Amino acid sequence: MLLDFAKAGGLLPVVIQDNSSQEVLMVGFMNQEAYEKTQQEKVVTFYSRTKNRLWTKGETSGNFLHVVSIQVDCDQDTLLIKANPVGPVCHTGARTCFEPAPDTNTSNTIPTPDVFFLKYLENLIQDRRKNPQEKSYTNLLFEKGIQKIAQKVGEEAVETVIDAVAGNKERLKEEAADLLYHLLVLLAASDLQLSDVIQVLQKRHQK
């Protein structure tokens, strides 16, 4: 693959896109060395223009960008990388660099489809399974095994039903959130993904 690094003084702009949601997460720059390192390690590494060195996204935060594919534009001077993010991408703590920080009250932004967050959460859970972190509740569940995880799903399902019958909407939202989270953990522990469940629903819908 021939890339035109010379056109922009040795650097190529790189657009990072979420492989699941197709959202644009951030934009950075790569030189030849950063590009080769990204190809070899399958984790996005940029060239930092402020630090004047290679910079692997997540090297301090742990919020890595795992490469799924790399595409080159028609002029061979811009890259599009589809990746699976681990944790928030923006240094402000926001999920992407194109949305406000979590503590910012902004009313003029376009809301992100809720299903994208579910996929983001699933990616995070799967990464915890592959790369355990100390004091992580998710890793604690994986350590206890699938029987304990399944038990938690059952407990959260019962509590969800109780609050639904009681008409307690605020508690119902909380219990439903716990149920969804533990269900995603159970799927990951069973080597399944949310997309596998969606395929079943799609087949049923077609009947």
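Over residues 26-99 of this predicted model, the chain is 14% helix and 38% strand, and the C-alpha atoms at the two ends of the stretch are 10 Å apart. These residues come with a label from the databases: an unreviewed UniProt entry lists 26-99 as "domain: Phosphoribosyl-AMP cyclohydrolase". The protein as a whole holds six helices and six strands. Read from the N terminus, its elements follow the order β-β-α-β-β-β-β-α-α-α-α-α. The C-alpha trace spans about 65 × 45 × 40 Å along its principal axes. Of the 207 residues, 36% are buried. Among contacts between residues at least 6 apart in sequence, 48% join residues at least 24 apart.

A good place to begin a closer look is the sheet. Four strands form an open sheet in the order β2-β1-β6-β5, and their pairing is mixed. Strands β2 and β5 (65-72) are the edges, each pairing on one side only. On average, neighbouring strands of this sheet are turned by 30 degrees against each other, direction ignored. As a general point, strands of a sheet pair through backbone hydrogen bonds, in either the parallel or the antiparallel sense.

Strand β1 offers a convenient view of the mixed pairing. On one side, β1 (residues 12-18) joins β2 (residues 24-30) in the antiparallel sense over six bridges. Within this pair, L12 stands opposite M30 of β2, and V14 has G28 of β2 as its bridge partner. With β6, in contrast, β1 pairs in the parallel sense over five bridges. Here V15 stands opposite L80 of β6. Strand β1 is also mostly covered, with five of its seven residues buried.

The segment before β1 contains A6. This alanine counts as exposed because its relative accessibility is 66%, above the 50% cut-off. The C-alpha atom of A6 is separated by 18 Å from that of L54, a residue 48 places away along the chain.

The backbone has a few residues with positive phi that are worth a visit. Most residues other than glycine have a negative phi. In the hairpin of β1 and β2, five residues lie between the strands, and Q22 takes a positive phi near 70 degrees. Q76, although not a glycine, has a positive phi of about 60 degrees. Its place is in the loop between β5 and β6 (79-85). With a relative accessible area of 37%, Q76 is partly exposed. D191 is likewise not a glycine and has a positive phi of about 60 degrees. This aspartate sits in the loop between α5 (169-189) and α6 (194-206). D191 is exposed, as its relative accessible area is 60%.

Turning to the helices, two packed helices are described by the angle between their axes and the distance between the axes. For helix α3 (residues 137-144) and helix α4 (residues 146-166), the axes come within 5 Å and cross at roughly 120 degrees. The crossing angle therefore makes α3 oblique to α4. The contact itself brings Y137, L141, F142 and K144 of α3 together with K148, I149 and K152 of α4. By class, the contact of α3 with α4 comprises four nonpolar residues, three charged residues and no polar ones.

One of the residues in this contact, Y137, deserves a few more words. Y137 is found in helix α3. At 38% relative accessibility, the tyrosine counts as partly exposed, because that value falls between the 20% and 50% cut-offs. Once neighbours within four places in sequence are left aside, Y137 is in contact with K152, Y181 and H182. K152 belongs to the α4 side of the helix contact described above, while Y181 and H182 fall in the range of α5 (169-189).

Methods
Residues numbered from 1 in each chain as written. Predicted model: local features only at pLDDT ≥ 70, side-chain atom pairs only at ≥ 80, totals over all residues. Heavy atoms only, no water. Pairing = 2+ DSSP bridges. Axes fitted to C-alpha atoms, helices over the stretch in contact; angles between N-to-C directions. Parallel < 35°, antiparallel > 145°, perpendicular 65-115°, else oblique. Contact = heavy atoms within 4.5 Å. Nonpolar A, V, L, I, M, F, W, Y, C, P; charged D, E, K, R; others polar. UniProt positions renumbered as here; feature names shortened; annotations may be inferred. Buried < 20%, exposed > 50% of the residue type's maximum accessible area, 1.4 Å probe, protein only.
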